[in-house]
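Biologist: I'd like to learn how to read a model like this one. Could you walk me through it, feature by feature?

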Amino acid sequence: MNQAAKKGIIVKSGVSMEKIAETTQIFFDKTGTLTQGEPTVVQVIADRKKSQEILAAVAAIESFSNHVVA
(Lines give C-alpha, C1' and ligand atoms only; values in the text may rest on other atoms or scores of the structure.)
Protein backbone atom coordinates (compact mmCIF):
# COMPACT_ATOMS: atom_id res chain seq x y z
CA MET A 1 0.00 0.00 0.00
CA ASN A 2 2.92 2.32 0.65
CA GLN A 3 4.27 1.76 -2.86
CA ALA A 4 0.83 2.51 -4.32
CA ALA A 5 0.57 5.71 -2.25
CA LYS A 6 3.97 6.85 -3.51
CA LYS A 7 2.57 6.57 -7.06
CA GLY A 8 -0.57 8.52 -6.19
CA ILE A 9 -2.86 5.51 -5.79
CA ILE A 10 -4.97 5.49 -2.67
CA VAL A 11 -5.99 2.02 -1.47
CA LYS A 12 -8.81 1.71 1.03
CA SER A 13 -7.67 -1.53 2.69
CA GLY A 14 -5.36 -4.52 2.46
CA VAL A 15 -8.34 -6.62 1.37
CA SER A 16 -8.69 -4.34 -1.65
CA MET A 17 -5.09 -5.04 -2.58
CA GLU A 18 -5.72 -8.79 -2.34
CA LYS A 19 -8.74 -8.50 -4.64
CA ILE A 20 -6.69 -6.59 -7.21
CA ALA A 21 -4.52 -9.69 -7.62
CA GLU A 22 -7.64 -11.62 -8.75
CA THR A 23 -8.81 -8.89 -11.15
CA THR A 24 -8.89 -9.69 -14.85
CA GLN A 25 -10.68 -6.58 -16.20
CA ILE A 26 -11.16 -2.96 -15.15
CA PHE A 27 -13.43 -0.47 -16.92
CA PHE A 28 -13.01 3.30 -16.74
CA ASP A 29 -15.59 5.71 -18.06
CA LYS A 30 -14.53 8.97 -19.64
CA THR A 31 -14.30 10.63 -16.21
CA GLY A 32 -12.05 7.88 -14.84
CA THR A 33 -14.72 6.24 -12.71
CA LEU A 34 -14.12 2.56 -12.03
CA THR A 35 -16.83 0.04 -12.83
CA GLN A 36 -16.95 -3.26 -11.01
CA GLY A 37 -18.49 -6.37 -12.59
CA GLU A 38 -21.38 -5.70 -14.93
CA PRO A 39 -22.26 -2.03 -15.37
CA THR A 40 -25.79 -1.39 -14.12
CA VAL A 41 -28.14 1.52 -13.70
CA VAL A 42 -28.44 2.09 -9.97
CA GLN A 43 -30.80 5.06 -9.93
CA VAL A 44 -33.07 7.03 -12.22
CA ILE A 45 -34.29 10.26 -10.69
CA ALA A 46 -37.81 10.82 -12.00
CA ASP A 47 -41.33 9.88 -11.00
CA ARG A 48 -42.10 6.18 -11.41
CA LYS A 49 -43.86 6.46 -14.78
CA LYS A 50 -41.09 8.67 -16.20
CA SER A 51 -38.39 6.28 -14.90
CA GLN A 52 -39.93 3.41 -16.85
CA GLU A 53 -40.19 5.54 -19.99
CA ILE A 54 -36.58 6.70 -19.64
CA LEU A 55 -35.27 3.15 -19.16
CA ALA A 56 -37.30 1.89 -22.13
CA ALA A 57 -35.93 4.67 -24.35
CA VAL A 58 -32.35 4.06 -23.25
CA ALA A 59 -32.69 0.30 -23.81
CA ALA A 60 -34.03 0.92 -27.32
CA ILE A 61 -31.17 3.28 -28.16
CA GLU A 62 -28.56 0.97 -26.63
CA SER A 63 -29.76 -1.98 -28.74
CA PHE A 64 -28.27 -0.24 -31.82
CA SER A 65 -24.94 0.52 -30.14
CA ASN A 66 -21.78 -1.38 -31.05
CA HIS A 67 -19.92 -0.07 -27.98
CA VAL A 68 -18.30 -2.90 -26.02
CA VAL A 69 -19.99 -1.95 -22.73
CA ALA A 70 -23.42 -1.49 -24.36
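**Reading the model together**

Modeller: Let's start with one residue: S51 counts as buried, because its relative accessibility is 13% and the cut-off for buried is under 20%. Keep in mind that this is a predicted model.

Biologist: Where does S51 sit, and what does S51 touch?

Modeller: S51 lies in helix 3. Leaving out residues up to four places away in sequence, S51 touches V44 and A46. The S51 side chain also reaches the backbone oxygen of A46, at 3.3 Å.

Biologist: How many helices and strands does the protein have, and in which pattern do they follow along the sequence?

Modeller: There are 3 helices and 2 strands. Read along the sequence, the pattern is α-α-β-β-α.

Biologist: Since the model is predicted, which elements have the lowest and the highest mean pLDDT?

Modeller: The idea is that pLDDT gives the predictor's confidence in each residue, from 0 to 100. Here the mean for the protein is 78, and 80% of the residues reach 70 or more. Among the elements, strand 2 (residues 34-35) has the lowest mean, 62, while helix 3 (residues 48-62) has the highest, 86. S51 belongs to that helix 3.

Biologist: What share of the residues is buried?

Modeller: Buried residues make up 4% of the 70 residues in the protein. The protein exposes about 6800 Å², and carbon and sulfur atoms supply 57% of that area.

Biologist: V11 is another residue I'd like to read. Is V11 buried or exposed?

Modeller: V11 is buried, because its relative accessible area is 17% and buried means under 20%. Its place is in the loop between helix 1 and helix 2 (14-22). Apart from residues up to four places away in sequence, V11 touches M1, A4, S16 and M17.

Biologist: How do I read the pair V11 and M1?

Modeller: Compare the separation along the chain with the separation in space. V11 and M1 are 10 residues apart along the chain, and their C-alpha atoms are separated by 6.5 Å. M1 itself is found in the segment before helix 1 (2-6).

Biologist: And is M1 buried or exposed, or something in between?

Modeller: M1 counts as partly exposed, at 47% relative accessibility. Together with M17 and I20, M1 forms a nonpolar patch on the surface, with about 280 Å² of accessible area for the three together. M17 also appears among the contacts of V11.

Biologist: How many salt bridges does the structure hold, and which side chains meet there?

Modeller: The structure holds 1 salt bridge. The side chains of E53 and K50 meet in it, at 3.9 Å from N to O. For the reasoning, the cut-off is within 4 Å.

Biologist: Why are E53 and K50 separated by about one helical turn?

Modeller: Because E53 and K50 are 3 residues apart in helix 3, about one helical turn separates them. E53 is partly exposed, with a relative accessible area of 41%, and K50 is partly exposed too, at 43%.

Biologist: One last residue: where is V41 found, and how far in space is V41 from L55?

Modeller: V41 is found in the loop between strand 2 and helix 3. V41 counts as exposed, because its relative accessibility is 62% and exposed means over 50%. From C-alpha to C-alpha, V41 and L55 are 9.1 Å apart in space, and they are 14 residues apart in sequence.

Notes. Residues numbered from 1 in each chain as written. Heavy atoms only, no water. Patch = residues over 30% accessible without salt bridge, like charges linked within 9 Å, V, L, I, M, F, W, Y side chains within 5 Å. Areas by Shrake-Rupley, 256 points an atom, 1.4 Å probe, with all protein chains shown as cover. Helix = DSSP H or I, 4+ residues; strand = E, 2+ residues; numbered from the N terminus. Buried < 20%, exposed > 50% of the residue type's maximum accessible area, 1.4 Å probe, protein only. Polar contact = N/O pair within 3.5 Å; in protein donor to acceptor, adjacent residues only side chain to side chain. Contact = heavy atoms within 4.5 Å.
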